[in-house]
Structure formats: structure tokens, C-alpha cells
Amino acid sequence: MTNARITLHPDFTVGTVDRRLFGSFVEHLGRAVYTGIYEPGHPTADGDGFREDVADLTRELGVSMVRYPGGNFVSNYVWEDGVGPREERKPFIDLAWRTIEPNEVGTDEFLQWAERMGIEPMMAVNLGTRGVDAAAALVEYCNGEAGSRWADLRIANGRAKPYGVRLWCLGNEMDGPWQIGHKDAHEYGKLAAEAGKAMKLVDPSIELVACGSSSMQMPTFGEWERTVLSYTYDLVDHISMHAYYEELEGDRASFLASGTAMDRFIRRVVASADAVGAQRRSDKEITISFDEWNVWYLESRFPGEQNLPLQRDAPRIIEDVYSGLDAVVVGDLLVTLLNHADRVPVACLAQLVNVIAPIMTEPGGEAWRQPTFHPFATTAQLARGVALDLRVQVPTTTSARHGETPVVTAAATWDEAPDGAGALALFLTNRGAEPAEVTIEHDGLTVRIDGGAQMVADSRPAVEGPAHAASVIEQCWSELPALGEATGRTTVTLAPESWTALRGVATRG
Ligand code: AHR
């Protein structure tokens, strides 16, 4: 048995949990758009061709924001070709995923879908093959009032009211040699600064995200952030981070400790950004848009995915099937994000449907949940108010990839009401093979746990469609009973290799 002690106090907080932490991502890649969110002719399709069954699951997932249209796709995308009358739109070869893109869904279709869903859109502009002009024009198309060229085109295309898109990514993974129009940090920094300047002149209310490194393993990591921010610091609001985790060579312990790698990555990017700020004697703090994160079996299951033959008709690519183990890691990555709520206001689980996604579909058939759906949906639902700054005393273990890592991790949120009571949520991961007894010290708070849910690290992937996925989930996902009320201290036992969420009420005194 592992023993852990967590101390929480309502006055010690990390920061407010931004709702945009529960974002996701829809790229024109594989079946994310076509036969994913969009499939005219599907029995549940709405008047615009979007699947209602997928919309229902997206709502249940609690997604607050969706990034679009890429990803690697955006770096060769001509957005003007995806607006206007559908019959006049031409297909093109998307070079990122070597797929014929029919241009049936474009900016208007996506933004109207997001609006109907009550989801905030996050748009990316092409800084691979294009530049300042196209980026500023897209902001004008989306957010401009009548009386200028691109805003008037939107109106002519049937949408009078500006969409008011707040969040904008200045390109995607521009440090990656695989990116169409890849640039070095100086080339990208200058272009991002000029594009961002023009975009903010069109609409000063927008928030900008500069591309950070594609992963912590990139050879330019650190220097990339420093150089890019030296050009863009005063202009941008966020720097992006992307990270995918997988079990490699059967090293389960390292995979379960992925949250530690994410934690270190965040700390290093924050340090790099703050170093630029310090050099400039700036009071401004750059925050992080962790706009791609997930479990992705990139190296072990799909090593050739980047060298695809030319495909058409929404090919089945990167359709990872997940297990309870993957879901425990996803839950633990969310614990890490919550513990950085002060510097990470924006994050996107990559992606939403079919492509490394919590939601899967069959063309003409059902839509269903993968095991990873549950920790995301539960966290998005319960994490409200402020993230508490916990003191966690736990044993550590050594993993081959990440060195010393804690066996138990925890995050807590509290949404205080004016009467001093408030919804409390606790998120706990036991990465170890033994059960863990966790004592939660909450001096100054009376805590009532009303129930919760637990994911255990079953290794069977949900491979054979909806029925199999449901049976895998039944084995690894369960509801937990209420624990009642306690003053001063609450004790819980965590199953080996598990992720747990507890919901309740905490009252001062
Ligand atoms: O999410 C899949 C791909 O991963 C995205 O297109 C790219 O940005 C990243 O490398």
C-alpha cells in the first residue's frame, strides 16, 4: 500500500480555471470533418449536414472551445477556396495529409456549427504557404463589420453578423521540418509579428497564439521560444505547446508518468517566456495555449503515417483506439493542466472525432465514446472556480524516461459561493501498481464527498466498434459512492493504476 498526504486550504490557490482549458480540435484530416462532425445523408444529419449524434456526444464531453482547421493542414490551406457557393468550390490536394480536400466544409460551415453548439472557435491562419495578407483578410472575413471587402464577401455568402472569433493561432508547428512552409525561428518570428500586427489592426480585440515548439524533443526547443518571442512578445498573448504521449517498448511506468513530462515541459516553456519578458523588463506575462495534447501511438502503431499515399474520400488515418490505461494517462494529463491553471488558460485535446479522438463514428452508422472520453468529460464538468494549490507528500518512483516521478498526483478545484460553501472537485491519479491510501487534510473546511468516478488502467483497447468499446469501458470505468461529511480530514483509497474524480461540497469552518 502506498501512503500519500494531500493538504488543501481554500485561501491557497493556483489560479482561476479558464473554461478554455477544455478545448478540443477539428482538423481537415482523415475522418475528423467528413463522416466525423459532418455527414450529409446520415440519419442524424441536421439541415446543414452536421451529425446530431456527434453533436450530442460533443456536448456530453463538455468541450468549451474547438481549434480549426489545422494542424498541419492549415499550412497549405487557401481559406478563400472554402467559402462561397459550394458548387463553385474546387477540391485540392492537401499536402500535409496527402488527401483530396473537397472544400465542402469551410470557415462559414465550421463557425456556424460551433455557434450552434455554443462552442468558442479558435482559428488558425496559414503561415506556411501564405502570409500577412491572407491572415488579415481572414480576420476581416470572420470579424469585420459591413463596408469592407472581406466582411462584405461574408455577408454576400449569407452571414451578416460578424462571428467575433477571439482566439487566433499564428500558423501551426512552424518549427517542424514536416510542416509545409517550415521556417527557422527568425523567419517565423518576423512573419508571425507582421501577420499578428495586421490581424490586430483589423480587430484589436483578438488574442494571438505564437507557435512554440512541436514537442520538448525538438532540437530547437528553448531557443525557438526565445527567438520567436523576441519578435512577438509585445504582440501575442499566448505561446503554443504540443505534446503527445504513448507507451513505448512496453515501458508502462514511464507511460503512466507522462503527466510529469508534461509538467516539466510547461515549466520550461513558462521559464523561457519569462526570460524574454525579464530581458525586456516587461510587466506582461505570456500564457500558454496547450493547443494539442493527447495520447497518440504515433511511433509504435503508425510509424509510416507521415508518408501517406494520395487518398480521397475521408480516409481512415490516425484512428487510434484507446484503453483504460490510455484514459488513466489522459486523466493524469488533465491533473497536470489544472495544476498550471495560472499559466495555461487554453488547451485542446487533439482531436475531437475519429482522429486520435474520444468520439468515434461509422459512416452512416453509430457514434460512440472511447475510454478517454470519460476522464475528459468528468473533469470538464467538475473543475470549476479556482484550482487549489495543494501540498502533496507522496513517495516517488523512478521511471526510465522521466526519472523521478511522484506515485500519486492530485489537483483540486473549488467554486466558492457567497455563503462560503462551494463545489469541490478532487482529481487523483495512482500511477503505482499498489493501492494508495490518500489522506486529504482540509483544515478550515468541512468537506462532503457526494460521489465520484474511477478509471482503472485496463490495457485492452476498444477496437471493434461501439459494442466492444462499451464493454471495455464497463470493465474500467465505474461510479464511486458518497463518502459523507468530514471536518479536518478525509481518507480515500485509490485502486492501483487508476484515475479518480471526487465531487462534493466544501464549506469554510
Ligand atoms: O493532431 C495531429 C497532428 O499533430 C497535427 O496536424 C499537427 O499539428 C501535429 O503534429
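Reader: Is Glu 416 buried, partly exposed or exposed in this structure?
Author: In this predicted model, the relative accessibility of Glu 416 comes to 38%. Buried would require a value under 20% and exposed a value over 50%, so at 38% Glu 416 counts as partly exposed.

Reader: With which residue does Glu 416 form a salt bridge?
Author: Glu 416 lies in strand E19 (residues 408-416), and the pair links distant parts of the chain, with the other residue 92 residues apart from Glu 416 in strand E24 (residues 498-508). That other residue counts as partly exposed at 37% relative accessibility. The closest N and O atoms of the two are 2.8 Å apart, and the partner of Glu 416 is Arg 508.

Reader: Which residue of the salt bridge between Arg 166 and Glu 207 counts as buried?
Author: The two side chains meet with a distance of 3.9 Å from N to O, and they link a loop between helix H4 (149-156) and strand E8 (167-170) with strand E9 (residues 207-210). Arg 166, in that loop, has a relative accessible area of 35% and is therefore partly exposed. The residue in strand E9 has a relative accessibility of 15%, which is under the 20% cut-off, so the buried one is Glu 207.

Reader: Which residues are linked with Arg 166 and Glu 207 in a network of salt bridges?
Author: The model holds 36 salt bridges by the rule used here. Some of their residues are linked in a network that includes Arg 166 and Glu 207, and the others in this network are Asp 18, Arg 20 and Glu 120.

Reader: How many residues apart are Asp 234 and Arg 280, which meet in a salt bridge?
Author: The distance from N to O in this salt bridge is 2.9 Å, and Asp 234 is exposed, with a relative accessible area of 56%, whereas Arg 280 is partly exposed at 36%. Asp 234 sits in the loop between helix H6 (223-232) and strand E10 (238-245), while Arg 280 sits in the loop between helix H8 (258-279) and strand E11 (287-295), and the two are 46 residues apart.

Reader: How many nonpolar residues belong to the lining of the largest cavity?
Author: The largest cavity holds about 90 Å³ of space, and of the 14 residues that line it, those closest to its centre are Trp 79, Ala 124, Val 125, Asn 126 and Leu 138. Strand E7 (120-125) and helix H3 (132-143) each give two or more residues to this lining. Besides 2 polar residues and 1 charged residue, the nonpolar residues of the lining number 11.

Methods: Residues are numbered from 1 along each chain as its sequence is written. This is a predicted model: local features need pLDDT of at least 70, side-chain atom pairs count only at pLDDT 80 or more; totals for chains, interfaces and linings use all residues. Side-chain values use heavy atoms; hydrogens and water are left out. A salt bridge is a side-chain nitrogen of Lys or Arg within 4 Å of a carboxyl oxygen of Asp or Glu. Helices (H or I, at least four residues) and strands (E, at least two) are DSSP runs, numbered from the N terminus. Buried means under 20% relative accessible area, exposed over 50%, partly exposed in between (1.4 Å probe, protein chains only). On a 1 Å grid over the protein atoms alone, a cavity is a set of points where a 1.4 Å probe fits but cannot get out, and a pocket is an open set with protein on both sides within 12 Å along at least five of seven lines; lining residues have an atom within 4 Å of a point. Grid points are joined across faces, edges and corners, and a volume is the space filled by probe spheres set on the points. Ala, Val, Leu, Ile, Met, Phe, Trp, Tyr, Cys and Pro count as nonpolar, Asp, Glu, Lys and Arg as charged, and the others, Gly among them, as polar.
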